[in-house]
Amino acid sequence: MSHTTGQAADLHRMIVVNESIKEVIRVSAALNMVAINAMLVAKRAGVRSSGFSVVSSELRSFSRKLIEEMHRLGEEIAVLVRDTADLQKLERMHRLLDATLAQHAVNAGYLAAARQRNREVLQAVAQNVEADVRHLLLLLTRSMKLCDTGYTLARSAKVEAVYGGEMSHALRQVADRIEASVTPITPLLKSLCANLKEGVAA
């Protein structure tokens, strides 16, 4: 793969990752609305749905935490995109200096010094990019563990819906919406991880 092709692939990967983060934020915001609705339904159901009410409240807290995590990831992606762009500029400059050095022996000493300085900065930025990606992978792993909480709450909502008396059917419908809202989040996060790991391996 050529440098140009590799750079285009890196930028495309970052765009895909950023869009996936936006999608997780959208899903998490929708889940937050489902949780609010669940709390309202539980309140109407009265004392029999106290357990469901607790689960709904915890689910809202979970969705807020997930949104916070995704915003943090978005900020990290912005840093990674900046560092990747800097790396690409430095790589282009390095190739230009190589080509110029090969053609102009007169200023070889000056050009060689400039090339060495550029190489040192390039290596430092490349290390930053690697560190950015590894940090993002750590944050994603933490977010996926947080999603386990979401699945547990979705299952708990179904259990608690059974005890809702005449409101059981309504509570069950809400529990189903909770499950439907939580389910797509982990695959999205796994896709994010795969895209980032592909960048590390490339």
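**Exercises on a predicted chain**

Among contacts in the chain between residues at least 6 apart in sequence, 84% join residues at least 24 apart. The model is a predicted one.

**Exercise 1.** State how many helices and strands the chain has, and give their pattern along the sequence.

Solution.
- Count the elements: the chain has five helices and zero strands.
- Read along the sequence, these give the pattern α-α-α-α-α.

**Exercise 2.** Compare the radius of gyration of the chain with that of a compact globule of 202 residues.

Solution.
- For a compact globule of 202 residues, the radius would be near 17 Å.
- The chain itself has 25 Å.
- Along the principal axes, the C-alpha atoms fill a box of roughly 90 × 25 × 20 Å.

**Exercise 3.** Describe the burial, the accessible surface and the charges of the chain.

Solution.
- Of the 202 residues, 39% are buried.
- The accessible surface is about 11,200 Å², and carbon and sulfur atoms account for 58% of it.
- There are 26 positive and 21 negative side chains. The centres of these two sets are 3 Å apart.

**Exercise 4.** Decide whether Asp 132 is buried and whether it has a salt bridge, then list its contacts beyond four places in sequence.

Solution.
- Locate the residue: Asp 132 is in helix H3, which spans residues 108-161.
- Asp 132 is buried.
- The nearest side chain of opposite charge is Arg 82, at 5.9 Å.
- A salt bridge requires a side-chain nitrogen of Lys or Arg within 4 Å of a carboxyl oxygen; Asp 132 has none.
- Leaving aside neighbours within four places in sequence, Asp 132 contacts Val 79, Leu 80 and Asp 83.

Key:
Residues are numbered from 1 along each chain as its sequence is written. This is a predicted model: local features need pLDDT of at least 70, side-chain atom pairs count only at pLDDT 80 or more; totals for chains, interfaces and linings use all residues. Side-chain values use heavy atoms; hydrogens and water are left out. Helices (H or I, at least four residues) and strands (E, at least two) are DSSP runs, numbered from the N terminus. The radius of gyration is taken over C-alpha atoms; the globule rule is 2.2 Å times the number of residues to the power 0.38. Buried means under 20% relative accessible area, exposed over 50%, partly exposed in between (1.4 Å probe, protein chains only). Contact means heavy atoms within 4.5 Å. Accessible areas come from the Shrake-Rupley method with a 1.4 Å probe; for residues, only the protein chains shown count as cover. Lys and Arg count as positive and Asp and Glu as negative; His and the chain ends are not counted. The place of a charge is taken as NZ of Lys, CZ of Arg, CG of Asp or CD of Glu.
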